[in-house]
Each structure stands twice: as C-alpha cells, then as structure tokens.
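Welcome to a short tour of a protein structure. Take a moment to turn it around on your screen before reading on.

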There are 2 protein chains.
Amino acid sequence: MTADDRFRVTYRIAAVAEAEARERARGIALEQTVEIPDDVVPDGFIRDEIVGRVEHLGPDGTGAFEAVISYSPDSAGREVVQFVNVVFGNSSIQSGIRVTGIDTGPEITRRIPGARFGIAGLRRMTSRAQGGLIAPVIKPQGSTPAGLARIAARCVEGGADIIKEDHGLADQPMAPFEDRLRAVADAVGDANARSGGSALYIANVTGGGGDPIAQAHRAKELGATGVLVMPGLLGFQTVQALAEDPGFGLPIMTHPSFTGAFVLSPDFGIAHGLMYGTLQRIAGSDISVFPNVGGRFGFSEAECRSIAAACRAADGPGVPIMPSPGGGMSVERAGEMAAMYGQDVVYLIGGSLLRHGERIGEAVGAMRRALDAVEA
Amino acid sequence: MTADDRFRVTYRIAAVAEAEARERARGIALEQTVEIPDDVVPDGFIRDEIVGRVEHLGPDGTGAFEAVISYSPDSAGREVVQFVNVVFGNSSIQSGIRVTGIDTGPEITRRIPGARFGIAGLRRMTSRAQGGLIAPVIKPQGSTPAGLARIAARCVEGGADIIKEDHGLADQPMAPFEDRLRAVADAVGDANARSGGSALYIANVTGGGGDPIAQAHRAKELGATGVLVMPGLLGFQTVQALAEDPGFGLPIMTHPSFTGAFVLSPDFGIAHGLMYGTLQRIAGSDISVFPNVGGRFGFSEAECRSIAAACRAADGPGVPIMPSPGGGMSVERAGEMAAMYGQDVVYLIGGSLLRHGERIGEAVGAMRRALDAVEA
C-alpha cells in the first residue's frame with residue numbers, strides 16, 4: 001500500500017502552544033488506532049503503517065491548531081463503522097478536538113463505494129429532470145394508517161416527488177409498521193396511477209426493536225420505494241448494508257435525529273458539512289436531511305451551504321447526493337430557497353402543510369409552481 | 001393507559017426568563033412527538049395522549065430551568081431506538097437543551113426489559129462471587145490473530161475474569177474477523193481448561209460492513225462467550241435485539257466510542273449518568289464501559305461516580321449492571337479505585353499491560369492480589 005492510499009483527517013485542536021497541540025495530535029494518532037502508549041507500540045508494520053501519522057500541524061487562524069493525520073485503509077477494512085471509529089472514536093470523548101476535514105483517498109473509495117443512486121438516480125426515478133424536488137412529510141405520530149395514507153395520496157395528486165414519512169413513525173400501537181406500510185404504499189401507488197406521477201414512498205425504518213436491515217427489506221416487500229434511516233440512532237452500517245445490497249436496490253434518505261451534539265460546539269464534535277454531507281455519502285445515503293436555516297433550529301446560512309456543498313461535491317466520496325433542508329420552508333420563501341440551494345435539492349415540507357387539511361395537495365401544487373417560477 | 005404509565009424526561013433548558021423556558025418546554029413536547037405546530041395538532045387522542053405534557057417547570061438552581069415532560073409509552077412502542085428518539089431526537093439539534101433525567105415508568109419497563117444478566121449473572125458466569133472483575137484488553141490493532149490469542153491466553157492464566165477485545169478490532173486484513181475469533185476463542189478456552197478458570201471472551205462486533213446482529217451470532221458460533229458493541233456507532237437496537245434474543249443468550253458489554261459530544265457541554269447533550277448508565281441499561285447492556293477519572297479523558301470523579309450509580313441503581317430500569325471504568329487503572333491505584341467504585345465493577349486494564357510482554361499474566365495476577373488486599 002502506498003502513502004497516497006492513506007486517508008486523511010483534519011482536526012481542529014484547541015491548544016495554547018504548538019508543542020501542546022503537537023502532543024495532542026500524536027495522542028490522537030495513537031488513540032484512534034493502536035490505543036496503547038507510544039513506548040509499547042511494536043516496531044515494523046504496526047508502528048510504520050497502522051499508527052496514525054501527523055502529516056501537518058500549524059495554526060488554524062482561529063487561535064487554535066490544525067492537524068492533518070493520515071491512517072492506513074487497513075485500519076478501517078471496508079466498514080463505514082470502523083472508518084468512523086478510526087476518524088473519531090475515543091478522541092470524540094476528549095474535549096478540544098473537532099473533526100474539520102476528511103479526505104477518503106483512493107483506496108477507501110474503492111472499498112466503500114457510497115451511494116447507489118445519488119442525484120442522477122433520483123432524478124431518473126422521480127422523472128423530475130430539473131428543479132428542486134418536493135417532499136411533503138407524512139405525520140403526525142398518533143394517526144391511523146388510513147389517516148396517513150389519505151395525506152400521502154393528496155400530496156401525490158398535488159405533484160409531490162417524494163412522500164417522506166416522519167422519523168417519529170415507528171412500530172407503534174396506533175399504526176403498527178406492517179399496517180402503516182401497506183396502507184401508505186397502496187395509497188401512493190394508486191395516486192401515482194391516477195395522476196401519472198412517479199412519486200417515491202420513503203418509509204421510516206427503526207427496526208421494531210430488532211434488526212433495521214431486515215425491516216427495510218420488509219418495507220420493500222410491502223411496497224415502499226425508498227427508506228428513511230436515522231444513522232445517529234441506527235448506525236452507519238444500516239445505511240451501508242442497504243446501499244451495497246443489489247437485492248435491496250432502493251434509495252436511502254438519512255435523517256439527523258439525535259446527532260445535534262456533534263455539531264453544536266466549535267470546540268469538539270464534527271463540522272456540519274462532514275456530519276450531514278461527507279459521512280452520509282460515505283455510508284451510502286442518497287438524500288441527506290438537515291435542519292434548514294430560518295426554521296426551528298439554529299443552523300446558520302453558512303452552515304447550511306456547507307452541508308449542501310459537501311453533499312454535492314463533484315470529487316466524492318462516491319457520487320453526489322441530494323441535500324434536503326427541512327424546516328422553515330414555505331411558498332413565500334421559495335425564491336430565497338431556490339437562490340440559496342440551486343436545483344439539486346429535496347425540499348422537505350412538514351407540519352405547516354397540515355394547515356391545509358383536505359386541500360393539502362393544492363398546497364403542494366402551489367409550492368411546485370412557486371419553485372418552477374423562480375427556477376425557470 | 002393511566003397517567004402513571006407515562007415516561008418522564010427531565011430537560012435542563014438554558015433561558016433567561018421563565019416564560020421563555022416554558023415556551024421552549026412546550027416546543028420540546030411537540031417536537032419530540034407530533035413534530036407539527038400546536039394549532040395543527042388534532043384534538044382527541046393525539047392532543048390528549050401523544051403530545052408530550054409539561055408536568056413541571058422551574059428554576060434548576062444553576063441559572064437555567066428544569067422541565068419535566070411526560071410522554072405516552074405508545075410514542076415509543078417497544079423499541080429502544082424509538083424511545084431515545086422521543087427522549088431526544090430533533091431536540092438534540094436545538095442548543096440550550098440537555099437531558100438530565102429519565103424515569104421510564106412501569107409500562108416502558110414492561111415493554112423493554114433491559115439486561116439479560118446484569119451484575120448477578122456476570123458473577124455467576126465468571127465464578128467471581130465478590131470483588132471487582134478484571135478485564136484486560138486484547139490489542140493492538142494490526143496484530144495477527146495468533147498474536148492476539150497469545151496475549152489472551154497469558155491473561156486468562158494470570159486470573160483475568162473477562163478477556164475484552166479492543167473496540168478497534170473489526171474485520172481488517174491483518175486479522176480478519178473469522179480468523180481472529182477462532183484463534184482467540186480457542187486460546188481462551190484452552191487456557192480456562194488448563195487453569196480451571198471461567199474467563200469470558202468478549203469479542204468486538206462491528207458488523208463487517210453488514211449486519212452486526214448477524215455478526216454477533218456468528219461470533220457465538222466461533223466461540224465468543226460475550227460481545228462488545230459500540231451503541232454510538234451501531235445503534236441501541238443492536239444491543240436490544242441481542243439482549244432480548246434467548247437464542248443468543250450471551251452477555252453484552254457496551255463501549256462509548258463516538259459518543260463524547262453528547263456529554264462534553266453542560267448546555268446540551270445528555271448527562272453522563274444517563275448516557276453511560278441509564279440508556280445502556282434500557283438497551284440491554286450488562287457492562288457499560290466509560291472513561292475513568294485520572295486517565296487520558298477528562299471525566300471528573302463526580303461524573304464517574306454518577307455513571308457507576310446509574311449502572312447500579314436498585315430501582316431500574318431493568319436489573320443493575322456493571323460499570324466498567326477504563327483508562328488510568330494500575331496496581332498502584334487499586335486501593336483508590338476500590339474505595340471509589342466498591343466491588344460491583346469491571347476494571348478495564350489496557351495498553352499499559354503490554355509493557356509486561358510475555359509476563360503480562362503476572363501483571364494481571366498482581367492486580368488481582370492488589371484488589372483482593374483492599375477489598376477483603
């Protein structure tokens with residue numbers, strides 16, 4: 001394996017002096033690989049190849065330091081989970097360390113291909129050659145399967161590209177997984193047939209207390225044409241296992257539930273673009289949901305732009321995927337949103353849609369027209 | 001379902017005025033359940049039962065506010081993932097909110113039983129009726145299966161109660177999962193037979209890029225007598241699925257990799273005792289690993305004590321489990337550690353053990369004698 005095969009991670013290290021930053025960087029290089037003191041590291045392959053290498057260290061311009069550490073692809077094998085474990089496993093528990101860059105390098109790219117469909121595949125499947133995709137969210141939790149199915153049908157008739165389930169729909173007594181899936185899949189299928197549409201039905205998968213990979217396959221049998229997965233709760237392996245399985249072969253949308261702590265402090269955790277862009281791509285997500293600027297969450301416009309850029313970067317990892325801002329989207333903001341996100345984007349439209357009751361389809365149609373007007 | 005069946009979550013809310021805190025609490029109650037604006041919530045079952053209820057709000061004594069919100073068990077169903085999703089899914093992304101208390105209540109306790117073995121079961125399996133258990137960690141990453149097996153054998157002969165694999169051993173070219181498991185399981189089995197011991201072999205499970213639940217079953221076939229799972233990377237459902245499966249029936253140790261961001265700020269995330277105690281118990285962990293005070297991580301003595309207390313609380317959820325501090329453990333600190341943690345504890349002994357080379361078993365024996373001396 002050549003030096004260029006190694007993958008590189010950039011860390012922001014809070015330290016007063018360069019010597020302290022260098023010692024912390026060396027500590028990360030050990031902690032994330034062999035997890036033993038330097039004097040115990042065996043000479044040869046383990047010391048030369050497996051232990052992380054501090055390739056660069058210097059001031060980062062914000063009063064902290066930036067360290068680039070390279071790792072052997074063999075530390076990760078071909079597992080996304082183990083890749084992330086090397087990037088930021090135990091070091092996540094040490095304050096003052098934030099992951100600010102990931103360069104997977106050619107070997108990890110060969111081993112872990114990323115998304116199966118990406119932007120191009122989603123446009124083909126939804127027959128939406130250009131313009132932002134509209135994805136109304138089916139909710140609320142507590143509704144019956146029939147109630148959720150009726151909302152889904154209205155939204156398809158209104159021109160939705162994707163029917164996305166709320167991430168809070170699991171396997172609950174008021175709408176058990178099997179009943180919900182059958183009802184909504186049938187409703188979306190019938191509405192597509194009536195309207196000549198090709199809306200996807202992206203069903204939420206939580207595992208039912210058991211195995212979410214098995215449950216995703218069951219979702220497909222029941223008629224889902226895509227799945228929603230929360231990697232912060234279900235692990236990146238759930239995404240990877242489904243993305244790499246040709247026998248599954250449906251698009252995957254990932255949801256940020258439970259992941260806020262990773263991004264909220266500049267002093268630790270993981271940068272926004274990496275968390276909701278790069279890592280989702282490596283895992284195999286086709287559409288990455290994140291909290292939109294101006295909604296109920298505190299992400300800035302710059303943070304949202306960095307996420308969209310990381311999702312769509314032409315140079316990988318894997319194929320470009322769709323960023324999917326959620327929260328604060330409305331007909332009134334369509335122009336502003338289109339100017340900010342461009343066309344390769346999936347707009348989530350959530351709770352506010354329910355204000356329209358049985359006329360929810362008309363609200364979806366109004367959003368389509370507003371986007372078409374500004375995107376033309 | 002009665003009001004007492006609801007589960008209760010305490011949140012610390014950073015706010016200047018009580019009215020602001022109350023509005024944020026009401027926001028959490030909506031966000032974590034129906035995820036729609038208040039004016040759109042359907043009357044009846046959804047408004048009355050499903051939407052979270054702010055049961056208490058008041059100053060918390062640190063300049064912030066404390067809100068207790070109750071939720072319907074039917075929001076969670078019987079899934080640990082969905083339970084955590086209700087406790088702190090989207091609200092995790094809103095700064096100024098920290099989970100500081102979880103009371104599962106009787107109905108969730110019935111639906112989600114927790115650990116299969118706990119402290120009592122582990123003592124029975126390891127034949128260690130009293131005193132702290134000693135768990136040397138097999139590493140480093142990059143070693144061959146034979147090299148890891150040799151270390152494991154020496155540690156069993158020295159009196160180890162548990163052979164724990166490093167969480168960085170996955171399915172890598174230098175020690176593929178199947179080869180590693182066979183070699184270490186055989187070595188531990190042989191050493192147990194020679195020494196009359198009953199050390200467990202807790203193998204690390206990452207899924208190999210696929211399904212960690214299936215891989216855990218394979219680990220058992222290959223001779224592992226317990227598994228190590230990283231819920232921060234593999235999800236709590238991996239723990240729940242294994243803990244609840246009588247066909248699996250092995251103890252589960254959980255590891256904190258990738259979870260640091262949850263606890264590092266007092267302003268957001270999850271309190272230490274909940275993250276490494278309560279949530280692990282709900283998921284079904286029998287032994288919860290966490291970074292020990294005085295090692296390479298910054299946890300305070302009070303934080304470590306809160307974790308140990310949460311693992312061992314007599315009133316649930318589920319049966320009491322073993323806290324397992326890692327880092328900074330040595331013969332010299334045995335007295336201090338035994339005074340701090342008492343007897344129901346699994347001491348991880350890591351990289352420093354490797355200094356002893358082929359005499360690593362003697363180092364394990366010295367630790368046993370040091371603990372016995374102070375615990376007698």
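The report below goes through the sheets, the helices that lie across them, one buried residue and the meeting of the two chains. Please keep in mind that this is a predicted model.

**The sheet of eight strands**

Let us begin in chain B. Here eight strands form an open sheet in the order 12-11-9-8-7-6-5-13, and their pairing is parallel. Its edges are strand 12 (322-326) and strand 13 (346-349) of chain B, each of which pairs on one side only. From one strand to the next, the twist averages 25 degrees.

At one of these edges, strand 5 (residues 133-138) of chain B pairs with strand 13 of chain B in the parallel sense over four bridges. If you would like to find this place on your screen, look for B:Leu133, whose bridge partner in strand 13 of chain B is B:Val346.

Now move to strand 11 (287-291) of chain B. How many of the five residues of strand 11 of chain B are buried? Five of the five are, and the strand is mostly covered. B:Ile287, B:Val289 and B:Pro291 point one way from this strand, while B:Ser288 and B:Phe290 point the other way.

Strand 11 of chain B pairs with strand 9 (residues 252-254) of chain B in the parallel sense over two bridges. In this pairing, B:Met253 stands opposite B:Ile287. Strand 11 of chain B also pairs with strand 12 of chain B, again in the parallel sense, over five bridges. There the bridge partner of B:Ile287 is B:Met322. To get from strand 11 of chain B to strand 12 of chain B, the chain passes through helix 14 of chain B, and this β-α-β crossover is right-handed. Helix 14 (residues 301-312) of chain B lies across both of these strands and runs at about 155 degrees to strand 12 of chain B.

The table gathers the strand pairs of chain B, including one from the sheet described next.

| Strand pair (chain B) | Sense | Bridges |
|---|---|---|
| strand 5 and strand 13 | parallel | four bridges |
| strand 9 and strand 11 | parallel | two bridges |
| strand 11 and strand 12 | parallel | five bridges |
| strand 4 and strand 10 | parallel | two bridges |

**The sheet of five strands**

Chain B also holds an open sheet of five strands, with the order 2-3-1-4-10 and mixed pairing. Strand 2 (53-59) and strand 10 (269-270) of chain B are at the edges with a single partner strand each, so one side of each has no neighbour in the sheet. Strand 10 of chain B runs parallel to strand 4 (residues 97-103) of chain B, and two bridges join them. Here B:Val99 has B:Ile270 as its bridge partner in strand 10 of chain B.

Helix 4 (residues 80-88) of chain B lies across strand 1 (7-13), strand 3 (65-71), strand 4 and strand 10 of chain B, and it runs at about 130 degrees to strand 4 of chain B. Helix 4 of chain B also packs with helix 11 (residues 236-243) of chain B, at an angle of about 145 degrees and with the axes 8 Å apart. In this packing, B:Val80, B:Val81 and B:Val84 of helix 4 meet B:Phe236, B:Gln237 and B:Gln240 of helix 11. By class, the residues of this contact are four nonpolar, two polar and no charged.

**A closer look at one residue**

B:Ala216 has its place in helix 9 (residues 212-221) of chain B. Why does B:Ala216 count as buried? Because B:Ala216 has 26 C-beta neighbours inside 10 Å, and 20 or more are enough for a residue to be called buried. Leaving aside neighbours within four places in sequence, B:Ala216 is in contact with B:Val205, B:Val227, B:Leu242 and B:Phe248. The C-alpha atoms of B:Ala216 and B:Gly226 are separated by 8.8 Å, and these residues are 10 apart along the chain.

**Where the two chains meet**

Finally, bring both chains into view. In all, 71 residues of chain A are in contact with 72 residues of chain B. Several elements give two or more residues to the chain A side, among them helix 2 (45-50), helix 9 (212-221) and helix 12 (260-263) of chain A. Helix 4 of chain A gives the most, with six residues. By class, this side has 30 nonpolar, 32 polar and nine charged residues.

How do the two copies relate? Chain A can be laid on chain B by a turn of 180 degrees and a shift of 0.0 Å along the axis, with an RMSD of 0.0 Å. The two copies are therefore related as by a two-fold rotation axis. The same surface serves both copies, since 100% of the contact residues of chain A recur in chain B.

Methods: Residues numbered from 1 in each chain as written. Chains lettered and ligands numbered in written order. Predicted model: local features only at pLDDT ≥ 70, side-chain atom pairs only at ≥ 80, totals over all residues. Pairing = 2+ DSSP bridges. Axes fitted to C-alpha atoms, helices over the stretch in contact; angles between N-to-C directions. Contact = placed C-beta atoms within 7 Å. Nonpolar A, V, L, I, M, F, W, Y, C, P; charged D, E, K, R; others polar. Least-squares fit on C-alpha atoms with pLDDT ≥ 70 in both. Buried ≥ 20, exposed ≤ 12 C-beta atoms within 10 Å, placed from the backbone. Right-handed = clockwise from strand over helix to strand, strands pointing away.
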